[in-house]
Amino acid sequence: MVTQHVPGRTSPPPGTPRRKPAIPGVRLCALLAAVLTLSGCGGRKKIKLPPPVEAKRGWSEVGIASWYGHPYHGRQTSNGETYDMNKMTAAHTRLPFGTWVNVRNLRNGRSTQVRINDRGPFTARHIIDLSRAAASEIQMIGAGTVRVRLTVIDGPDGKRKRPKRRSRTTESRPAPARGAYEIQIGVFKIEANAKTLAWAAKQKGHRVEVRPFRRGGSRLYRVVVAGGTKEAASKRLRKLKGQGFKGFVRLVRR
C-alpha cells in the first residue's frame, strides 16, 4: 500500500508510532516547584512567607476567604498544634500566631471570631483560610469562597481589662432567677465552640452563660443569655437577632 502525501497535513500518516513530547528541564523544574508551593493548610512546611505584621486591635483587611477541612483534619499546623476543623481557628500568612480576628461575611453580614494558628492560604487572591466550623458560622461552606473583612480583636481571655464600674445609664442585665426567662442562642457538643459563641455575645454587651447538660447519654453545652422578665427577654432576643445571632426565649429551669 502506498501512502499518499496530503498537502497541508500536520499529523503523521496512519500507522506511524506516536512519541510522547519531552518535558524540557526548565518546565519540569517549574512544575516541581509549583507542587511544593501548593501543599495546603495544616501541613505546609518550608515555604518562604512574608514577615508577620504588628497587627494591633482594629487592624483591618478586606479580601477573599476560603476554608479547609479534610484531609488536613488531624495534621500539624504551622504553630505545632493539631488542626481540628471543628474549632474556631484559621490560617493567615502574616498575622502572628494567637491573634484573634473577627471575620465578617460581606455578602450576608454574618460574623465569626477565630484564632490564627496556621499559615496560608497560598493563593494571591485569598487572605484567610477558615476552619470548617468558622466557615459554617458565616454560611460559606457551599460557596467555598466569599469576600470578607478581617478585624483584629481581643481574644476570649481578654488582653485588656474591662472597667468594672458601669454608668448609671448602662442597661441593666439581670441574672437568671427562678421564674425568669433567658434566651438560648446555641447548643454544642464541643465546649470550646460553646465558649467561643458565648464570648462573641459578650463582646456585644450581653450577659452570657455556658451551661452543660445531658441528652440521650451525650454531654452537651447550652449557651444562654440572661433575659429577666418575659418582656425583657423578648426585647433582648430582637437585639440579638439584629446582631446576627439566632435563638429563642425559654423559661429558666434550675
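**Note on the predicted model: cores, central strand and second largest pocket**

1. Beyond its neighbours within four places in sequence, Val148 makes contact with Glu61, Val62, Gly63, Ala65, Val103, Arg104, Asn105, Leu106, Ile127, Ile128 and Ile138. This structure is a predicted model, and every statement below should be read in that light.

2. Val148 also belongs to the largest nonpolar core, a set of 22 residues in which Val103, Val114, Ile128, Leu130 and Val148 have the most contacts. At least two residues of this core come from each of β3, β4, β5, α2 and β6 (146-153). Strand β6 provides the largest share, namely four residues. A second, separate core comprises 16 residues, among them Ile183, Val223, Leu240 and Phe245. As general background, nonpolar side chains in soluble globular proteins tend to be buried together.

3. The chain as a whole provides the setting for these cores. The protein chain contains four helices and 10 strands, arranged from the N terminus as α-β-β-β-β-β-α-β-β-α-β-β-α-β. Of its 254 residues, 37% count as buried. Among contacts in the protein chain with a separation of 6 or more, 73% are between residues 24 or more positions apart.

4. Strand β5 merits separate comment. Six of the six residues of β5 (residues 126-131) are buried, so this strand is largely enclosed by the rest of the structure. Strand β1 (residues 60-68) pairs with β5 in the parallel sense, over five bridges. Strand β2 (residues 89-91) runs antiparallel to β5 and is joined to it by two bridges. Individual bridge partners can be named for both pairings: Tyr68 is matched with Ser131 of β5, and Ala90 with Leu130 of β5.

5. Ser131 lies in strand β5. Its relative accessible area is 0%, and since buried means under 20%, Ser131 is buried. Leaving out residues up to four places away in sequence, Ser131 touches Trp67, Tyr68, Tyr83, Asp84, Met85, Lys87, Met88 and Thr89. Tyr68, one of these contacts, is also the bridge partner of Ser131.

6. Ile64 is located in strand β1. With a relative accessible area of 14%, Ile64 is buried as well. Ile64 and Val146 are separated by 82 residues in sequence, yet their C-alpha atoms are 5.5 Å apart in space. Not counting residues up to four places away in sequence, Ile64 touches Arg125, His126, Ile127, Ile128, Thr145, Val146 and Arg147.

7. The second largest pocket holds about 700 Å³ of space. It is lined by 26 residues, of which Ser111, Glu137, Leu197, Ala200 and Phe245 are the closest to the centre. Phe245 is also a member of the second nonpolar core.

8. Several elements contribute to the lining of this pocket. At least two lining residues come from each of β3 (100-105), β4 (111-118), α2 (132-137), β7 (181-188) and α3 (191-203). Helix α3 gives the most, with six residues. By residue class, the lining of the second largest pocket divides into 10 nonpolar, 10 polar and six charged residues. Elements β3, β4 and α2 appear in this lining and in the largest nonpolar core.

How values were computed:
Residues are numbered from 1 along each chain as its sequence is written. This is a predicted model: local features need pLDDT of at least 70, side-chain atom pairs count only at pLDDT 80 or more; totals for chains, interfaces and linings use all residues. Side-chain values use heavy atoms; hydrogens and water are left out. On a 1 Å grid over the protein atoms alone, a cavity is a set of points where a 1.4 Å probe fits but cannot get out, and a pocket is an open set with protein on both sides within 12 Å along at least five of seven lines; lining residues have an atom within 4 Å of a point. Grid points are joined across faces, edges and corners, and a volume is the space filled by probe spheres set on the points. Ala, Val, Leu, Ile, Met, Phe, Trp, Tyr, Cys and Pro count as nonpolar, Asp, Glu, Lys and Arg as charged, and the others, Gly among them, as polar. Buried means under 20% relative accessible area, exposed over 50%, partly exposed in between (1.4 Å probe, protein chains only). Two strands pair if DSSP finds at least two bridges between them. A nonpolar core is a set of buried Ala, Val, Leu, Ile, Met, Phe, Trp, Tyr and Cys residues joined through side-chain atoms within 4.5 Å. Contact means heavy atoms within 4.5 Å.
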